[in-house]
Amino acid sequence: MLTTNPFDDDKLREECGIFGVSGASGAAALTALGLHALQHRGQEAAGITSFDGTLFHTHRAMGHVAGNFDRDDVIRGLPGEVACGHVRYSTTGETALRNVQPLYADLSTGGFAIAHNGNISNAMKLRRELVRRGSIFQSTSDTETIIHLVATSNYRTLLDRFIDALKQVEGAYSLIVMTPEGMIACRDPLGIRPLVMGRLDGAVIFASETVALDVCGATFERAVEPGELVIVQGTEIRSIHPFQAVDARPCIFEWVYFSRPDSIAGDQSVYSVRKEIGAQLALEAPVDADLVIPVPDSGVPAAIGYAQASGIPFELGIIRSHYVGRTFIQPGDKVRHLGVKLKHNANRALIQGKKVVLIDDSIVRGTTSLKIVQMMREAGAAEVHMRIASPPTRHSCFYGVDTPERAKLLAAKLDLGGMTDFIHADSLSFVSIEGLYKALNAARGDKPSYCDACFTGDYPTTLTDHDESATVDQFAMLAERVA
Ligand code: SF4
């Protein structure tokens, strides 16, 4: 089965996108619109929960936002002026409806719905303890741990219980919570995963990326700060910082690949940063070539930056068909191999006899890079050079990103020469970690201002449930066993 974009099959995958709105009529319809704009952050399942002032209503389904939430009957079943939603690609927990968010529970304090982007890196340890004390889990999701910690907290008010719960969890979390009293949006103290806040008339909106605000016609107000809880109750908005302050470490991969290029992250245009990474790459790894060719679509901004800095013409050497459906079931191996060409084909007339430099954002397993280089050679390229707009991905992510186990990461197995041979390129280079920081107007130094652990192995939190050899899949299986 091919996914939407076969070239995306060999990428790190962001796990989730979240969206919340408080104080707008038709909140669920607005949430569906916001989730559409965040679809790239999770394509496996989607859910929306609304609150009508008395009751919570939920619709959760496998598949894309379109098809599940473009139906009047579904949106009519989600009344109220407060709603939150979630798009998902699983990191922990099996692929099943019971893990699709928002998760909901009736607590002694009232209804509690939660949408989470990130991953709790001590969820298994906490879960074992909660189960021992009598908690009965309904899902295998790490997010449910937060619900049980709130439910079993000794504090009286919901807000105090929630803070108590968050003080026990490690890892990455951007959360939107709905209770009968209002909405709470928060980010973990390191701000690993993004969350922004906007306004639409009188309504307050939270979203993983600014592009979701744009699509709704909302105005970007600010990012939710690392370690901040924004509490919305009617027209009143409060902000508290209940955690010990630490230096923030947002995920640097948001600028490399995860966020849409038309989003603003950390006050910087994602598109501009990607172009700047390409320019850095041209400085660090020049090549004598006739054409700069982006690997569509995610390599495009870096390729423009590389072309502008190097003076080598930018050309579309790989043409993407926009008429191939989301999935395509191939009947056999031969056709499966050809499936890549159905979606992307080399622009043979352009490439024939040329020395080309291909620009991509990252290499994970290397399997797709190999196919692309082959595609260029079959189209008659004289030389094929590959330039990558991120450092080598050598370590797994435990913060809400789908990463293959470390043994499958090409850069963890092979040195540069080995990787070049593996993808059959004439040359291969990656932007340096210093070059990546430079593109973000930062310097890495001793105290890095971003999480860059998948490149450096410098994890910003303890990883209680894992050692580095553990895989996300193994974690999911262990979670299953605990369940
Ligand atoms: S390890 Fe850090 S930088 Fe890499 S994807 Fe995960 S959160 Fe992002």
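The accessible surface of the protein in this predicted model comes to about 18,900 Å², and carbon and sulfur atoms account for 51% of that area. Of the 483 residues of the protein, 59% count as buried, and the secondary structure comprises 17 helices and 23 strands. Among the contacts with a separation of 6 or more, 69% are made by residues that stand 24 or more positions apart in the protein.

**The second largest pocket**

The second largest pocket has a volume of about 430 Å³. Of the 30 residues that line this pocket, R187, A223, W255, A265 and G266 are the closest to its centre. Three elements, β12 (219-223), α7 (253-258) and β15 (264-265), each supply at least two residues of the lining of the second largest pocket, and β12 gives the most, with 3 residues. By class, the lining of this pocket divides into 16 nonpolar, 7 polar and 7 charged residues.

**The shell around the ligand**

Which residues come nearest to the ligand? Of the 13 residues around the ligand, these are R193, C251, C397, C451 and C454. The elements that give two or more residues to this shell are α7 and α16 (453-456), and α7 also supplies at least two residues of the lining of the second largest pocket. The shell around the ligand has 11 nonpolar residues and 2 charged ones, with no polar residue.

**Backbone features in the loops**

Two cis peptide bonds and two residues with positive phi are set out below, each with the loop that holds the residue concerned.

| Feature | Angle | Loop |
|---|---|---|
| Cis peptide bond, Q101 to P102 | omega near 5° | P102, between β5 (82-88) and β6 (103-107) |
| Cis peptide bond, P296 to D297 | omega near -10° | D297, between β17 (291-294) and α9 (300-310) |
| Positive phi, D267 | phi near 65° | D267, between β15 and β16 (268-269) |
| Positive phi, H424 | phi about 60° | H424, between α14 (416-423) and β23 (427-430) |

In the bond from Q101 to P102, the cis peptide leads into a proline, whereas in the bond from P296 to D297 the proline comes before the cis peptide and an aspartate follows.

Neither D267 nor H424 is a glycine, although each has a positive phi. Is D267 buried or exposed? With a relative accessibility of 71%, D267 counts as exposed, because the cut-off for that class is over 50%. H424, at 45% relative accessibility, counts as partly exposed, because this value falls between the limits of under 20% for buried and over 50% for exposed. D267 lies in the loop that begins after β15, and β15 is one of the elements that supply at least two residues of the lining of the second largest pocket.

**The helix before H424**

H424, with its positive phi near 60°, follows α14. The buried residues of α14 are G418, M419, T420 and I423. An α-helix has 3.6 residues a turn, so residues three or four places apart point the same way. What do the buried residues of α14 pack against? Their partners are α12 (367-378), β21 (383-388), α13 (410-413) and β23, and β23 is also the strand that bounds the far end of the loop in which H424 is found.

Conventions:
Residues numbered from 1 in each chain as written. Predicted model: local features only at pLDDT ≥ 70, side-chain atom pairs only at ≥ 80, totals over all residues. Heavy atoms only, no water. Helix = DSSP H or I, 4+ residues; strand = E, 2+ residues; numbered from the N terminus. Buried < 20%, exposed > 50% of the residue type's maximum accessible area, 1.4 Å probe, protein only. Contact = heavy atoms within 4.5 Å. Areas by Shrake-Rupley, 256 points an atom, 1.4 Å probe, with all protein chains shown as cover. 1 Å grid on protein atoms, 1.4 Å probe; cavity = no way out; pocket = protein on both sides within 12 Å on 5 of 7 lines; lining within 4 Å. Points joined across faces, edges and corners; volume = space filled by probe spheres on them. Nonpolar A, V, L, I, M, F, W, Y, C, P; charged D, E, K, R; others polar. Near = heavy atom within 4 Å.
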